[in-house]
Amino acid sequence: MAAGGTRNGGVWDGGLRNIRVWDALVLSAAALSLVGAQVTQETKEVPENQPVDIPCSAYRSAWRDARIEWKFQKGSSLVLFYYAGQLTEPYKDRVVFSVTSIHFNTVTREDTGKYICEVVGDGSQIAKSEVNLIVQVPPSKPVAHVPSSATIGRTAVLRCSESDGSPPPTFRWYRDGMLVPADPKSSLSFRNSSYTLDSATGELTFNPVSAFDTGDYYCEASNNVGMAQRSDTARMEASEVNVGGIVAAVVVLLMLLGLIAFGIWFAYSRGYFQRKP
C-alpha cells in the first residue's frame with residue numbers, strides 16, 4: 001500500500017474501494033486488448049525521502065487522443081492511481097502527472113513496487129510499460145536468535161532477522177569476532193565445524209554441533225545502502241549430553257516411586273483402606 005493517505009480514515013477506505021472497483025472494470029475491459037501488446041520493463045532505485053521520475057515508455061506522441069492509465073502493484077494488490085485524467089486520492093498531493101512520466105515529490109519505503117503505464121491510442125492501439133521501483137532503505141539493527149546451549153552431535157540453528165532494509169539485506173555471522181566463512185573447510189579456525197550458511201535468510205545451521213562451536217555470536221545485515229548493522233552478541237555453549245544428570249534423575253524417580261509404593265502397602269497393612277462396618 002502506498003504511503004501518503006490516512007490508513008484508517010474514511011476517505012482512504014472509501015477511495016480504496018472505488019479504486020478497486022474501477023480497477024476490476026478496467027482490467028476486464030482491457031484484458032483482450034493487452035494480449036500481444038508490447039511491454040517494456042525497467043528497474044529504478046532511489047533513496048528514501050528523495051524525489052523520483054517514473055517514465056511512461058509506452059507513450060507514443062504520434063497517437064492522437066491517447067488515453068493513459070497508471071496502476072501500482074505491490075505483492076498481490078493492484079490499484080489504479082491515475083485514471084480518467086485524474087490522480088486518485090492517495091496520490092493527489094504527492095505526484096505530478098505528465099504524458100511521459102509521473103513525478104514523486106518524495107518517496108517512502110511503502111512506495112516500493114511495480115508501476116504500470118498503459119496507453120491506448122486511436123484505432124485501439126495499445127502499449128504498456130512497467131517500472132519496478134526500489135526505494136532504498138538501509139537496514140536497521142538486526143536481531144540474532146542464538147540458543148544459549150546446544151548438544152554436541154545434534155542440530156542447532158542460529159537465525160538473524162531484520163525487517164526494514166530495502167532491497168532486502170544479506171547476512172553474515174561472526175564467532176568470537178571472526179567472520180564465519182560460507183565454507184568451514186576454507187578456514188583453519190572453522191574447519192572442525194560442520195554447518196551451512198544461508199546469506200539470504202540469515203540462517204546458520206550446525207549439523208552436527210561440535211565442541212568447537214562454543215562461542216560468542218553476532219550477525220550483520222547489509223544491502224549496500226548506508227552502513228551495515230550488527231546485532232547484539234549472544235553466547236552459545238556446546239556440551240555433551242549430561243548422562244550423569246539423567247541417571248541421577250532416574251534414580252530419584254525410582255526412589256520416589258518406591259516411597260509411594262511403600263506408603264500404599266503400609267496403609268493397607270494398617271487397615272486404612274478397609275471399609276468400616
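A residue counts as buried when its relative accessible area is under 20%. Keep that cut-off in mind as we walk through this predicted model, beginning with an arginine. R94 has a relative accessible area of 12%, so it is buried. You will find R94 in a loop, the one that runs between β5 (86-87) and β6 (95-98). What joins the side chains of R94 and D111? The link is a polar contact of 2.7 Å.

From there, let us turn to the nonpolar interior. In soluble globular proteins, nonpolar side chains tend to be buried together. Here the largest nonpolar core has 25 residues, and those with the most contacts inside it are I54, W70, F81, I102, F104, Y115 and L133. Several strands supply at least two residues each to this core: β2 (52-55), β3 (67-74), β4 (77-83), β7 (101-104), β8 (113-120) and β9 (126-136). Which strand gives the most? That is β9, with four residues. For a view from one member, try I102: leaving aside residues up to four places away in sequence, I102 touches V52, D53, I54, W70, F81, V95, V96, F97 and Y115. Another core lies apart from the one around I102; this other core has 19 residues, including V146, F171, Y195 and L204.

Now for a sheet. Strands of a sheet pair through backbone hydrogen bonds, either parallel or antiparallel. In this open sheet, four strands follow the order β10-β12-β16-β15, with antiparallel pairing. Its edges are β10 (143-145) and β15, each of which pairs on one side only. On average, and ignoring direction, neighbouring strands of the sheet are turned by 10° against each other.

A good place to look more closely is the pair formed by β15 (residues 195-198) and β16 (residues 203-206), which runs antiparallel over four bridges. Within this pair, T196 has T205 of β16 as its bridge partner, while L197 stands opposite L204. The two strands, β15 and β16, make a hairpin with four residues between them. In the turn of this hairpin, G202 has a positive phi of about 85°.

Finally, a word on confidence. The average pLDDT of the protein is 83, and 77% of the residues score at least 70. Where does the pLDDT fall below 50? This happens over residues 1-36, a stretch that has 48 contacts in the model beyond near neighbours in sequence. Where pLDDT is low, the predicted coordinates should not be read in detail.

Conventions
Residues numbered from 1 in each chain as written. Predicted model: local features only at pLDDT ≥ 70, side-chain atom pairs only at ≥ 80, totals over all residues. Heavy atoms only, no water. Buried < 20%, exposed > 50% of the residue type's maximum accessible area, 1.4 Å probe, protein only. Polar contact = N/O pair within 3.5 Å; in protein donor to acceptor, adjacent residues only side chain to side chain. Core = buried A, V, L, I, M, F, W, Y, C linked by side-chain atoms within 4.5 Å. Contact = heavy atoms within 4.5 Å. pLDDT = per-residue confidence, 0-100. Pairing = 2+ DSSP bridges. Axes fitted to C-alpha atoms, helices over the stretch in contact; angles between N-to-C directions.
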